[in-house]
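Me: Could you take me on a close look at one part of this model, and then show me how the rest is arranged around it? I would like one connected answer that I can follow with the structure open.

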Amino acid sequence: MRKVGIGVIGCGMIAHTYLENLAKRFGVIKIVGVADLIEEKAKWASERYGAKIMTNEEIYECPEIEIVVNLTNVWSHYEVTRAALEHGKHVYSEKMIAENFDRAKELYDLAEEKGVMFACAPDTFLGGGYQTCRKLIDDGFIGVPFAVNATIIRSYLPSGPAPALNNVLVDGGTIPYDMGGYYIHALQQMFGPVRRVAGFSKNTPKYWSNPANPKYGEKLDIRSSNIVVTSLEFECGVLGTLTAGDIGVMSMAEIPGIWVYGTEGTLFCPDPNTFGGPVKLLKPGAENFVEMPMTHGYHGDERSFNFGGQQEQDFMIRMWEKSRRGVGVADMAWSIVNERPARISNEMGLHTIEILHGVDVCTETGKVYEMTTRNPRPVALRAGFMGNDCEAVFDDKWDENIDTTPWWCK
Ligand SMILES: NC(=O)c1ccc[n+]([C@@H]2O[C@H](COP(=O)([O-])OP(=O)(O)OC[C@H]3O[C@@H](n4cnc5c(N)ncnc54)[C@H](O)[C@@H]3O)[C@@H](O)[C@H]2O)c1
């Protein structure tokens, strides 16, 4: 079997689940090298997964490495991705694609110029949960979909005792960006490209919250919008809303998700920060939602939003053992082997960040924002592969001009 060599840059928290899945579930992948600014982290990954410790530069230069997997922090994404693209490597990057739309567009243009693939996470929409939702919608279970609501509210405060660089303090790291990507990728895979955006965004002041922190009480220097409320007009005719904010409280008992409304049913789609369910369907005349069986594999039964305290251990188990992060890299590797496009296209991450950029432009101008980028719906995975280890589902091929336009707008 042809193997595709990968080099992983950034061996922090999320690297655990990537490496675990890529090493154990996908025969198409060979982890050639690992790199991190912090030596022990690269050493841990090297010892556990039998990959060579390398510098970033060695990864870019290594002929055996075809894909660079960028798992660094958001503030390093641009620099690492740019260097890898300049060396002619395909890149799979964790979200966000870059700190802002302009820098993301620069990277996209470079990838196009070099003729390489540049995919951006999240890949959760390739999991069983969202592939099942896509299948139910495409098979007409809710009739013609006409509206969708997505909400993500989660407090993001740097709460440790030491002043540390934190996602919220850098561009592209507040909740609309850091978590919004899960929702926008899930929406793109169900409904395709967004034509216009109309909404409001704001930057609400937040303060260092831990009395043990020397900065306690000081205002946080947050640069990206941290509250976004927007309407989305999809090309397929569906109208949607996205609400995202990094203040407030989200109950651990409630499941965050996406609600899709159709002429013949309502679909509750699961937390898009997970690969599994539940997927629930309400039909006319029924009193209750019915939980639908999964039609696809790669559904860890993780619920990834239980943080802190006694639940920390559970969270780690969910994130590392149950999560299926890495399927997007595997799909990219199979796309190289089978000479087909990758399901996460070069346009997907760019389209996502443009939506959030568009809301800021609307807020400034008071006008509706017309999208300049376009990402057709990704090709769905074949149904019926129910095990979590059925790699053959990615061993497929199609014409790059395949039409993925939904049936209801043909
Ligand atoms: N932690 C999560 O729950 C989670 C979930 C999904 C996605 N992500 C995304 O994954 C990415 C990484 O997050 P994380 O939680 O693993 O962070 P982390 O801080 O635990 O790990 C990032 C690692 O990258 C290394 N690094 C940073 N810049 C580098 C550079 N220029 N060269 C080499 N190494 C570099 C750091 O030393 C660190 O070890 C982020 O984009 C984040 O949004 C995180």
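Reply: Happily; here is a walk that begins at one strand and its sheet and then moves on to the other parts.

A word on the basis first. This is a predicted model, in which local features need pLDDT of at least 70 and side-chain atom pairs count only at pLDDT 80 or more, while totals for chains, interfaces and linings use all residues. Residues are numbered from 1 along each chain as its sequence is written.

Let us begin with strand E9, residues 227–234. Helices (H or I, at least four residues) and strands (E, at least two) are DSSP runs, numbered from the N terminus. One face of E9 is covered and carries Val228, Thr230, Leu232 and Phe234. Ile227, Val229, Ser231 and Glu233 lie on the uncovered face.

Now for the partners of E9. Strands of a sheet pair through backbone hydrogen bonds, either parallel or antiparallel. Here two strands pair if DSSP finds at least two bridges between them. Strand E8 (residues 194–202) runs antiparallel to E9, and 8 bridges join the two. Within E9, Thr230 has Gly199 standing opposite. Strand E10 (residues 239–245) also pairs with E9 in the antiparallel sense, over 7 bridges. There, Gly240 in E10 is opposite Leu232. E9 and E10 form a hairpin with 4 residues between them, and Gly237 in its turn has a positive phi of about 100°.

Stepping back, E9 belongs to an open sheet of 9 strands with mixed pairing, in the order E14-E13-E12-E11-E7-E10-E9-E8-E15. Its edges are strand E14 (290–291) and strand E15 (369–370), each of which pairs on one side only. Elsewhere in this sheet, strand E11 (residues 258–262) and strand E12 (residues 265–269) make 5 bridges in the antiparallel sense. Tyr261 is opposite Thr266 of E12.

The segment after E15 holds Asp396. Asp396 has 15 C-beta neighbours inside 10 Å, so this residue counts as partly exposed; buried would take 20 or more other C-beta atoms within 10 Å of its own and exposed 12 or fewer, with C-beta atoms placed from the backbone. Asp396 lies 9.8 Å from Val337, C-alpha to C-alpha, although 59 residues separate them in sequence.

There is also an open sheet of 6 strands, with parallel pairing and the order E3-E2-E1-E4-E5-E6. Strand E3 (52–53) and strand E6 (118–120) are its edges, each pairing on one side only. Strand E5 (residues 90–93) runs parallel to E6, with 3 bridges joining them. Ser93 has Cys120 in E6 as its bridge partner.

For a pair of helices, look at H6 (residues 128–138) and H8 (residues 180–191), whose axes come within 9 Å and cross at roughly 30°. Axes are lines fitted to C-alpha atoms, for helices over the stretch in contact, and angles run from 0 to 180 degrees between N-to-C directions. H6 and H8 are therefore roughly parallel to each other, a term for angles under 35 degrees.

Finally, the ligand is surrounded by 23 residues, the closest being Gly10, Gly12, Met13, Ile14 and Ser76. Helix H1 (13–24) and helix H4 (74–86) are the elements that give two or more residues to this shell, and H4 gives the most, with 4 residues. A residue is near a molecule if its C-beta atom, placed from the backbone, lies within 6 Å of it.

Note on methods: Parallel < 35°, antiparallel > 145°, perpendicular 65-115°, else oblique.
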